[in-house]
Structure formats: structure tokens, C-alpha cells
Amino acid sequence: MAAAASTSEATLLDKEIEDLRAEGKLQHRLATLRKTLKIQCSTILSSTSTQSIIQSAASPASSSLIRRPKRTDPSRSQLSSRSAQQHAYIQQCIYRISTPVTAFKIHDPDPNAVNGGHVLGLRFEVMSRGQFLRPYYVMLNRPFPGSRHLRVHRHTIPPAVPLAGLAARHLPPPKPEGDDQPRQDLERFVRTLRRDITRYHNRLGVSADLRRRLGLHDATEASASANSVVEVGIADIEAKQIRVSWADERSGRLVMDDDGNVRKLLVFGRQGRDWEMTKELFGKCDRMEDIARRLEEHSTAG
């Protein structure tokens with residue numbers, strides 16, 4: 001009796017787990033459909049023909065042709081308002097694309113702030129998979145008496161980007177004595193910093209694309225072969241190494257350069273380095289697309 005009760009309880013738990021998985025898949029599908037609907041509505045409102053129709057309907061010439069002027073259509077005014085919002089959003093996106101770095105002035109309200117509270121702000125735009133991410137900010141001030149040299153005051157740059165090293169190279173502080181003061185190059189500092197931020201996000205995108213290519217974003221606990229990849233993730237803070245795990249407990253590391261190109265692949269098995277699999281998956285100066293294709297072929301071959 002006890003064995004039968006435990007079996008029945010295990011069956012109920014399995015059924016509950018399956019129901020939760022099905023509900024999670026349904027919620028994910030609904031979220032995808034909502035996102036697709038939003039994109040389609042934005043595309044329709046952004047088209048030239050739709051804009052011309054809305055403008056002609058809202059013009060006085062077209063409204064005078066209506067026989068019942070006292071009755072207003074709320075859907076028409078709502079559509080016109082939504083079209084204006086979409087037009088403003090398009091202008092904002094164009095501006096953010098064309099000017100990825102923006103400078104602006106800030107006043108520090110602290111009465112004891114250096115240089116009268118004057119702060120120069122820099123905003124760095126970042127885009128990934130066709131969407132804008134949260135911008136990064138760098139605040140600069142002039143804390144050196146009698147000098148116009150800048151210094152990094154505050155920032156939101158991720159630790160993977162060597163901001164301190166870039167500032168020391170392109171924004172050196174003034175020397176305490178002597179007339180030969182180091183020159184600062186704010187323009188080169190901004191260009192180099194933006195390049196490193198873009199590289200960092202490109203490396204993050206490489207890992208995400210590899211997961212998506214191997215089907216790990218929507219992976220379920222289905223039966224997998226021993227050669228199937230079960231996990232892909234970032235292994236270091238600079239996102240230059242990608243950790244790969246197989247179903248047979250093998251593990252690997254993909255080492256990338258600053259631009260996200262694969263430079264080295266290491267595979268470890270239960271008895272140490274797996275040279276045979278490393279040679280099978282990795283060739284000299286392989287792209288990440290080649291590595292993903294060989295991982296797929298290796299998984300299906302098992």
C-alpha cells in the first residue's frame with residue numbers, strides 16, 4: 001500500500017510539473033504574440049500611406065465634407081494621437097542612431113562641489129538585436145585648481161570596460177610642477193570608450209547567439225544524446241570566454257578576442273584535455289558561426 005501511495009504521489013507531481021511547463025510555454029507564446037502585434041502596429045503607423053491617410057482625414061477640407069460635424073469619432077482622434085506619438089518616437093530613434101554619443105551640462109547642487117558644481121555629462125547609446133539598451137553615462141568635472149584638465153567624476157560604465165586605463169591614457173591629470181603639462185584628448189577618449197563598450201556588447205551578443213543557435217533559450221528537459229550541448233554561458237567578467245557544457249559531463253571554453261572572434265577552444269573530459277574533440281570542433285581562426293555549426297553536427301552525430 002505504501003509503495004502504491006508513493007507511486008500515485010509521484011505521478012501527481014509529474015503531472016503538476018508538466019502542467020506548469022505547459023503554462024510557461026503558453027505565457028511565453030502570448031508574450032511573443034503581444035510583441036509581434038506591437039511591432040506590426042508600429043510598422044503600419046510608420047508607413048507613408050498610413051500617415052497620408054491620417055493627415056488627409058484630419059485636414060479641414062476633408063472634415064467639411066462630413067455631413068454630421070457635431071458628432072466626433074473618438075477612434076479617429078485616438079488614431080491621430082497614436083500616429084503623432086509614433087512619429088515622435090521615430091524621430092527620437094533616428095537621433096539616437098545618428099548621434100550615439102551626446103554631451104550635456106549638469107549642475108551639481110552640492111554647495112561644496114568643485115568648480116562651482118559644473119559637470120560635463122556624456123551619454124553613450126547602445127543597441128543590441130535592433131533594440132536600444134539602457135545608455136551609459138560618464139560625468140566629468142575640473143577638480144584641479146587653476147587648470148582646465150578634466151577628471152572622471154561619476155560613471156555607469158560596466159566593470160568589463162577599462163575606463164580607468166582609458167582615462168589615464170587620454171585624460172592625464174596635470175603635473176604639480178613644471179610648464180610641460182600633459183595634453184588631454186577628450187575626443188579620442190570618447191571614441192575609444194565607445195569602441196570598447198560596443199565590443200563588450202558584441203561579445204555578449206555572440207554568447208546569446210550561440211545559445212539561440214543551439215536551441216538553449218527555449219530548451220526543455222527532453223532526451224538528449226551524450227554529445228548534446230546542455231549549457232552555454234559567459235565565464236568571465238569581460239565576456240571574452242564562453243563556457244560550454246555537454247550532457248556527458250564534458251566542458252569547454254571558447255576564448256575570444258576584443259572583437260568577439262574565436263581564438264582558442266579548450267575541451268576537458270573526465271580524464272583531462274580532450275584533444276580529439278578539440279581538433280574536430282576548432283580550426284585556425286574559426287568564426288563563431290563555424291563553431292556553432294560544428295557543435296550542431298557533433299550533437300546530431302551522437
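**Figure 1. Overall view of the protein.** Of the 302 residues of the protein, 28% count as buried. The model shown here and in the following views is predicted. Eight helices and eleven strands make up its secondary structure. About 20,800 Å² of the protein is accessible surface, and carbon and sulfur atoms hold 54% of that area. Among the contacts with a separation of 6 or more, 38% are between residues 24 or more positions apart.

**Figure 2. Close-up of helix 5 against helix 6**. Helix 5 spans residues 163–170 and helix 6 spans residues 186–213; their axes lie 10 Å apart, at an angle of about 160°. Helix 5 is therefore roughly antiparallel to helix 6, since angles over 145 degrees are classed that way. The crossing of helix 5 with helix 6 is right-handed. From helix 5, the residues in the contact are Leu 163, Leu 166, Ala 167 and His 170. Helix 6 meets them with Arg 188, Phe 189, Thr 192, Leu 193 and Asp 196. Sorted by class, five residues of this contact are nonpolar, two are polar and two are charged.

**Figure 3. Close-up of Ser 207 in helix 6**. Ser 207 has a relative accessible area of 5% and is therefore buried, the cut-off for buried being under 20%. Beyond its neighbours within four places in sequence, Ser 207 contacts Val 232, Gly 233, Ile 234 and Ile 242. One of these partners, Ile 242, is 35 residues away from Ser 207 along the chain, yet the two C-alpha atoms are 6.7 Å apart.

**Figure 4. Close-up of Ile 242 in strand 8**. Strand 8 comprises residues 241–246. The relative accessibility of Ile 242 is 0%, so this residue counts as buried. When residues up to four places away in sequence are set aside, Ile 242 touches Val 206, Ser 207 and Leu 210, and also Val 232, Gly 233 and Ile 234. Its other contacts are with Gly 252, Arg 253, Leu 254, Met 256 and Met 288. Val 232, Gly 233 and Ile 234 also appear among the contacts of Ser 207.

**Figure 5. Close-up of Gln 86 in helix 4**. Helix 4 runs over residues 74–98. Gln 86 is buried because its relative accessible area is 6%, which falls under the 20% cut-off. With neighbours within four places in sequence left aside, the contacts of Gln 86 are Ser 42, Leu 45 and Ser 46.

**Figure 6. Close-up of Asn 115, a residue with positive phi**. Asn 115 is not a glycine, but its phi is positive, at about 55°. Asn 115 sits in the loop that joins strand 1 (101–107) and strand 2 (118–124). With a relative accessibility of 37%, Asn 115 counts as partly exposed.

**Figure 7. Close-up of Glu 249, a residue with positive phi**. Glu 249 has a phi of about 70° and is likewise not a glycine. The loop that holds Glu 249 lies between strand 8 and strand 9 (251–256). Glu 249 has a relative accessible area of 61% and is therefore exposed, as the cut-off for exposed is over 50%.

Methods:
Residues numbered from 1 in each chain as written. Predicted model: local features only at pLDDT ≥ 70, side-chain atom pairs only at ≥ 80, totals over all residues. Heavy atoms only, no water. Axes fitted to C-alpha atoms, helices over the stretch in contact; angles between N-to-C directions. Helix = DSSP H or I, 4+ residues; strand = E, 2+ residues; numbered from the N terminus. Parallel < 35°, antiparallel > 145°, perpendicular 65-115°, else oblique. Left-handed = near helix turned anticlockwise from the far one by under 90°. Contact = heavy atoms within 4.5 Å. Nonpolar A, V, L, I, M, F, W, Y, C, P; charged D, E, K, R; others polar. Buried < 20%, exposed > 50% of the residue type's maximum accessible area, 1.4 Å probe, protein only. Areas by Shrake-Rupley, 256 points an atom, 1.4 Å probe, with all protein chains shown as cover.
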